[in-house]
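Here are some notes to help you find your way around this structure. Have the model open beside you as you read.

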Amino acid sequence: QVHYVESGGGLVQPGGSLRLSCSVSRPNFDTASMGWYRQAPGQQRGQVATIGPGDIAKYADSVKGRFTISRDNAKKMVYLRMNKLKQEDTAVYFCNLGVPLGAGFEYLDSWGQGTQVTVSS
């Protein structure tokens, strides 16, 4: 079982920045892939960014060049630095862990409470 504690959300003006943090309680964190997801009202949850054990990061097209995912294996933490925020970035943000499966990772169907990000003037 995995427990997540997301934090760092808030209200920010368009063009502003936020840094989200996620604490993960699970053994073998350093072999897992970590992802950030978001869910806006009335929409399905979607993947925003992932970072593998080797620090290889991938991003959704909508956030490329603006968001940066990072991890600290010693602290079992994953971060999402969000710059140049837009109103369409407004959502609840969740982190999620992927366990190794074959050549990739399988993300677990287990979620924390998330952290609300609201971008508004």
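1. Let us begin with a cut-off: a residue counts as buried when its relative accessible area is under 20%, as exposed when it is over 50%, and as partly exposed in between. Tyr37 has a relative accessibility of 10%, so it counts as buried. Please keep in mind that this is a predicted model.

2. Tyr37 is a good place to start looking at the aromatic rings. The count of aromatic pairs comes to 3. In one of them, Tyr37 meets Trp111 edge-to-face, with 5.1 Å centre to centre and 85° between the planes. Tyr37 belongs to strand β4 (residues 33–39) and Trp111 to the loop between β10 (104–107) and β11 (115–119), so this pair ties together parts that are 74 residues apart in sequence. Trp111 itself is partly exposed, at a relative accessible area of 27%.

3. Trp111 has another edge-to-face partner, Phe94, at 5.9 Å centre to centre and 80° between the planes. This pair also links distant parts of the chain, 17 residues apart: Phe94 is in strand β9, while Trp111 is in the loop between β10 and β11. Phe94 is buried, with a relative accessible area of 8%. Ring pairs join Tyr37, Phe94, Tyr107 and Trp111 into a cluster.

4. Charges over rings deserve a look too. The charged end of Arg45 sits over the ring of Phe94, 4.6 Å from its centre. Elsewhere, Arg71 lies over the face of Phe29, at 4.8 Å from the ring centre.

5. Now turn to a sheet. Four strands form an open sheet in the order β1-β3-β8-β7, with antiparallel pairing. Its edge strands are β1 and β7 (67–72), each pairing on one side only. Neighbouring strands in this sheet are turned by 15° against each other on average, direction ignored.

6. How many bridges join β1 to β3 (residues 18–25)? There are 5, and Tyr4 has Val24 of β3 as its bridge partner. Between β3 and β8, also antiparallel, there are 6 bridges, and Leu18 stands opposite Met82 in β8.

7. Strand β1 (residues 3–7) shows a neat alternation. Tyr4 and Glu6 point to one face and are buried, whereas His3, Val5 and Ser7 point to the other and are not. In a regular strand the side chains alternate between the two faces of the sheet.

8. The loop between β8 (77–82) and β9 (91–101) holds Leu85. Is Leu85 buried or exposed? It is buried, at 2% relative accessibility. Its C-alpha atom is separated by 4.8 Å from that of Gly15, although the two residues are 70 apart along the chain. Beyond its neighbours within four places in sequence, Leu85 is in contact with residues including Val12, Pro14, Leu18, Phe67 and Val119.

9. Asp89 is in the loop between β8 and β9, and is buried with a relative accessible area of 1%. Leaving out residues up to four places away in sequence, Asp89 touches Arg38, Arg66, Phe67, Lys84, Val117 and Val119.

10. Lys84 lies in the loop between β8 and β9, but is exposed, with a relative accessible area of 57%. Its phi is near 50°, a positive value in a residue other than glycine. Asp55, not a glycine either, has a positive phi of about 65°; look for Asp55 in the loop between β5 (46–51) and β6 (57–59).

Conventions. Residues numbered from 1 in each chain as written. Heavy atoms only, no water. Helix = DSSP H or I, 4+ residues; strand = E, 2+ residues; numbered from the N terminus. Buried < 20%, exposed > 50% of the residue type's maximum accessible area, 1.4 Å probe, protein only. Contact = heavy atoms within 4.5 Å. Pairing = 2+ DSSP bridges. Axes fitted to C-alpha atoms, helices over the stretch in contact; angles between N-to-C directions. Phe/Tyr/Trp six-rings, centres within 6.5 Å; stacked < 30°, edge-to-face > 60°. Lys NZ or Arg CZ within 6 Å of the ring centre and 35° of its normal.
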